[in-house]
Amino acid sequence: MTTLETVLNGLMSRYKERVPDVGAIIDAMVTEGIIASDADIENDHIAFRTLGVPHLGIQSLEKIFLHYGYTKKDYYDFPEKKLDAYWYAPPADKYPRIFISELRVKDLSRQAQDIIHSYTGEVTSDPVDSLDLDNGGAVDHFLHSALWRTPTVADYKTLAAESEYAAWVIYNRYYLNHFTVSVHNLKPGYNTVADFNAFLEKKGFRLNDSGGKVKTSPDNGLAQSSTVARMISATFADNESIEIAGSYVEFAERRVLPQFAQLPASEIRREHRREGFEANNADKIFESTYSAQTGKK
Ligand code: OOG
Ligand code: NI
C-alpha cells in the first residue's frame, strides 16, 4: 500500500465509524444490486474544513496532499459564510479529488476571534512541518488527534451563533467532513443525482434541501446532493455532553462535456467529464451540517 493509500484508508475508516449513514448507504446499494461491495464505489472527492489562523488553515493541511502528488487547482469564495476554498487534483484517477475550505477568522466579530484564538493559540508552529509525511501511520494519527484542548459547550454555542462552520471545526477538527459517491458510472436508474436521490429517499435517508435537493452548476455539467449530517453525542470540557452535527455523505454526477458527446460510452473516462467544483453548489452543501438542515423534522 502507498503512503497516500494508508492515509486515505485511515480517514475512511474513522469516518465510517462516526457516520452510520456511510455504512447504511453502502449496504442499501448492495441490497439494491447497484454494487457488489464497497470496492465498487468511486469516491469523487473528500473534504476537510480548516481555520484561517497562523500555522494552520489551508496552507498547512494542503502540504500533506501536495507531498503525495496532488495538484492545487481552482479557488472558490464564499462571501456570506466567510470561507475560502481550493480543490486538489489527485496524482491518479483512482484517488479522490480533495476539497479544502478555510474560515476567514479575521472577518468574524472580536468575540468569536478571541474564542478561536484561545484554542488555536496553543499551536505555536505549523504541525505539518514536524510530521514525517512518508510515514502513513504518523499522518493518520495526526489527522485524528487534537491540536487544541477540548472546547467548552459555552464557547461552542457562542461560535455556532455566529458561524456554524467555526463551531463545527473547533470540535471536529480534521475529521473527514464527507466522502462523495460518484453516481454517473452506476447502472441506469441510479446514474443521475436525481435518480439516486429518489433511491436514497425511498430508503429513508434525509437529503439537504437548501437551494433544492439537486444542486446543478450553471454550465449544467455538475450535479450534486448530500445527506443531512446526523447529530452525534459529543463530550466537551468538564465532561459536558451535547448533540452536535457530525459528518455527511455527498453524491456527484459529472456529465460528459459537450465536445465529447459523440464518444461511445465505453470510451468515456474522467477527462471527458466536467471537472472541478461549483461555488453555488458548494455554498448550499456546507449547510448539510447547519442547524437549519439538521434541525428540520
Ligand atoms: C464542503 C461543502 C462543499 C462540494 O463538493 O462543493 C462541497 C463542506 O461542507 O465542508 O463539498
Ligand atoms: Ni463535496
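Which residues in α4 meet which residues in α6? On the α4 side they are Q111, A112 and I115, and their partners in α6 are D155, T158, L159 and E162. Sorted by class, this contact of α4 with α6 holds three nonpolar, two polar and two charged residues. Please keep in mind as you read on that this is a predicted model.

**Helix against helix**

Let us stay with that pair for a moment. Helix α4 covers residues 110–120 and helix α6 covers residues 153–162; their axes come within 10 Å and cross at roughly 135°. At that angle α4 is therefore oblique to α6. The handedness is clear too, as α4 passes α6 in a left-handed crossing.

Helix α6 has a second partner in α7, and here the axes are 5 Å apart, with a packing angle of about 145°. From α6, the residues Y156, L159, A160 and E162 take part, and they meet E164, A166, A167, I170 and Y171 in α7. By class, the contact of α6 with α7 has seven nonpolar, no polar and two charged residues. If you select L159 and E162 in your viewer, you will find that these residues of α6 meet α7 and also meet α4.

A further pair is formed by α1 (residues 3–18) and α5 (residues 136–143), whose axes come within 8 Å and cross at roughly 30°. The two helices are therefore roughly parallel to each other. Here α1 passes α5 in a right-handed crossing. T3, T6, V7, G10 and L11 of α1 make the contact together with G136, G137, V139, D140 and L143 of α5. By class, this contact of α1 with α5 has four nonpolar, five polar and one charged residues.

The three pairs are set out here for reference.

| Helix pair | Axis distance | Angle |
|---|---|---|
| α4 and α6 | within 10 Å | roughly 135° |
| α6 and α7 | 5 Å | about 145° |
| α1 and α5 | within 8 Å | roughly 30° |

**The sheet and a hairpin**

Now to the strands. Eight of them form an open sheet with mixed pairing, in the order β2-β3-β4-β1-β5-β10-β7-β6. Its edge strands are β2 (71–78) and β6 (215–216), each pairing on one side only. The partner of β6 is β7 (residues 222–226), joined to it by two bridges in an antiparallel run. Within that pairing, T216 stands opposite A223 in β7. Helix α7 (residues 164–172), met above beside α6, lies across β1, β3 (83–89) and β4, and runs at about 95° to β1.

Strands β8 (residues 231–235) and β9 (residues 241–245) run antiparallel and are joined by five bridges. Their register can be read from M231, which stands opposite A245 in β9. The hairpin of β8 and β9 has five residues between the strands, and D238 takes a positive phi near 60° there.

**Around ligand 1**

What surrounds ligand 1? The residues are A47, R49, F99, S101, N177, Q224, E250, F277, N281, A282, I285 and F286. By class, this shell has six nonpolar, four polar and two charged residues. Strands β1 (43–51) and β4 (97–103) and helix α9 (279–285) each supply at least two residues of it. Which element gives the most to the shell? That is α9, with three residues. Strands β1 and β4, then, supply residues around ligand 1, and they are also strands that α7 lies across.

Definitions and conventions: Residues numbered from 1 in each chain as written. Chains lettered and ligands numbered in written order. Predicted model: local features only at pLDDT ≥ 70, side-chain atom pairs only at ≥ 80, totals over all residues. Near = placed C-beta within 6 Å. Helix = DSSP H or I, 4+ residues; strand = E, 2+ residues; numbered from the N terminus. Nonpolar A, V, L, I, M, F, W, Y, C, P; charged D, E, K, R; others polar. Axes fitted to C-alpha atoms, helices over the stretch in contact; angles between N-to-C directions. Parallel < 35°, antiparallel > 145°, perpendicular 65-115°, else oblique. Left-handed = near helix turned anticlockwise from the far one by under 90°. Contact = placed C-beta atoms within 7 Å. Pairing = 2+ DSSP bridges.
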